[in-house]
Amino acid sequence: MLMYVHLLGTAAGGGFPQWNCNCINCHGLRTGKICARARTQSCVAISGDGCHWFLLNVSPDIREQIASFPALQPPLHARRGTAITGILLTDADLDHSLGLLLLREGTPLHVYATSSIRQTLTSGLNLAPTLQAYSGLCWHEPSCSLAPLLCPDGSATGLLYEAFPVSGHPPRFRERALQQPGDRVGYRFTDEQNGKTLLFLPGLSSFEDIPHHYLYDSHALLLDGTFWSEYEMEEQQVGNTSATQMGHLPVGGPFGSLARLATLPIDHKIYMHINNTNPMLLEDSPEYASVRSAQAEVGWDGLELLL
Ligand code: MLT
Ligand code: MN
Ligand code: ZN
């Protein structure tokens, strides 16, 4: 079997275009004046057998994302049902978790999240008690060592996984001064049969956080592409928080992620969680060209990998 990876949404919080934004990119896309694609918010589906799918984060655009991808739609033999077997969260950010509330009509959701993420979603959004009144929710503590990613009945799915901590800020609805270990994690997935691996890091502030061998021994990387530059929000006149303050390593510049990415022996290097202000969204921009010339890709909704 192969590992199937389907990018459902590749934009950061707000999507592209963002509902209230007239930055050069959002206005340009709305008026058809730029060469760029619309994008929904950050969410990925993976499967080791083509039948059981795991969502990596669950965006508020999940309804539209399911509609765009038949593999996630109800199986034909059942009156109601889903191929969504589990959900793995990297953090408690709204763009990565609000979709849980939208998946409330079915059977209990199996959600992998650290205790810090669970606490944040419970104290900040009352998420688990709210869902309890509908579908219910089963929390799973993500494994820190290589472990099978199982179906709720304990059967194999063909995938192995492990979680590892990466530094990051808790979401704005939680007191930021109280940073806790486990506020943000990365995941690495392994196909049980062919050994191919996927590194999932939609939020990253520093490469120092990533176990060294993951960077040199992974087949695909989905990486934080939020901002091109440190002061992009200010330069685009849409805010005054810097990339660092928001916990995102910029893509461009001598210390940006692209310079590092260019040196890594990974077959598929793909940016996602791209903010609507990022100039690499414009497919005729020099920033887009520099991503391509580093053998990396600006991820887009619908992009698929078979590993
Ligand atoms: C982030 O990751 O920093 C978010 O996309 C910000 C937001 O949701 O507004
Ligand atoms: Mn986000
Ligand atoms: Zn915008």
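Does Gln-295 count as buried or exposed, and at what relative accessibility? At 60% relative accessibility, Gln-295 counts as exposed, where exposed means over 50% relative accessible area, buried under 20% and partly exposed in between, with a 1.4 Å probe and protein chains only. The tour comes back to this residue later.

Before selecting anything else, note that this is a predicted model, in which local features need pLDDT of at least 70 and side-chain atom pairs count only at pLDDT 80 or more, while totals for chains, interfaces and linings use all residues. Residues are numbered from 1 along each chain as its sequence is written, chains are lettered from A and ligands numbered from 1 in the order in which they are written, and side-chain values use heavy atoms, with hydrogens and water left out.

**Stop 1: the manganese ion**

Select ligand 2, the manganese ion, and then Asp-95 and His-273. These two residues are the protein donors, through OD of Asp-95 and NE2 of His-273, and they lie 2.1 to 2.2 Å from the ion. Donors here are N, O and S atoms within 2.8 Å of the metal (3.2 Å for Na, K and Ca); water is not among the atoms, so sites may look incomplete. Asp-95 lies in helix α3 (residues 94–97) and His-273 in the loop between β12 (268–272) and α10 (286–293), so the pair ties together parts that are 178 residues apart in sequence. Helices (H or I, at least four residues) and strands (E, at least two) are DSSP runs, numbered from the N terminus.

Both donors are buried; for Asp-95 the relative accessible area is 9%. Add Gly-14 to the selection: its C-alpha is 7.6 Å from that of Asp-95, although the two residues are 81 apart in sequence.

**Stop 2: ligand 1**

Now select ligand 1. Around it are Gly-13, Asp-93, Asp-95, Arg-172, Met-246, His-248 and His-273, a residue being near a molecule if one of its heavy atoms lies within 4 Å of it. Asp-95 and His-273, the manganese donors, are thus met again in this list. By class, the shell has 1 nonpolar, 3 polar and 3 charged residues. In this scheme Ala, Val, Leu, Ile, Met, Phe, Trp, Tyr, Cys and Pro count as nonpolar, Asp, Glu, Lys and Arg as charged, and the others, Gly among them, as polar.

Three distances can be checked from oxygen atoms of the ligand. A polar backbone atom of Gly-13 is 3.0 Å from one, a polar side-chain atom of Asp-93 lies 3.4 Å from one, and a polar side-chain atom of His-248 lies 2.8 Å from one. Of the 270 Å² of accessible area that ligand 1 has on its own, the protein covers 73%.

**Stop 3: Ser-257 and Tyr-271**

Go to Ser-257 in helix α9 (residues 257–261). Ser-257 is buried, with a relative accessible area of 1%. Show the side chain of Tyr-271 as well: a polar contact of 2.8 Å joins it to the side chain of Ser-257. A polar contact is a pair of N or O atoms within 3.5 Å; within protein, one must be able to donate a hydrogen and the other to accept it, and residues adjacent in sequence count only if both atoms are side-chain atoms.

**Stop 4: the cysteines**

How many disulfides does the structure hold? There are 0, a disulfide being a pair of cysteine sulfur atoms within 2.5 Å. Select Cys-35 and Cys-26: the sulfur of Cys-26 is the closest cysteine sulfur to that of Cys-35, yet at 16 Å it is too far for a bond. For Cys-51 the closest cysteine sulfur is in Cys-151, at 9.5 Å, again too far for a bond. Cys-35 is partly exposed, at 38% relative accessibility, and Cys-51 is also partly exposed, at 49%.

**Stop 5: backbone exceptions**

Most residues other than glycine have a negative phi, and most peptide bonds are trans. Select Phe-16 and Pro-17, where the peptide bond is cis, with omega near 0°. Pro-17 sits in the loop between β1 (4–9) and α1 (24–30).

Next, Asn-126 has a positive phi of about 55° although it is not a glycine. Look for Asn-126 in the loop between α5 (115–125) and α6 (127–132), where it counts as partly exposed at 41% relative accessibility.

Finish at Gln-295, in the loop between α10 and β13 (297–298). Gln-295 is not a glycine, but its phi is positive, at about 60°.

Note on methods:
Areas by Shrake-Rupley, 256 points an atom, 1.4 Å probe, with all protein chains shown as cover.
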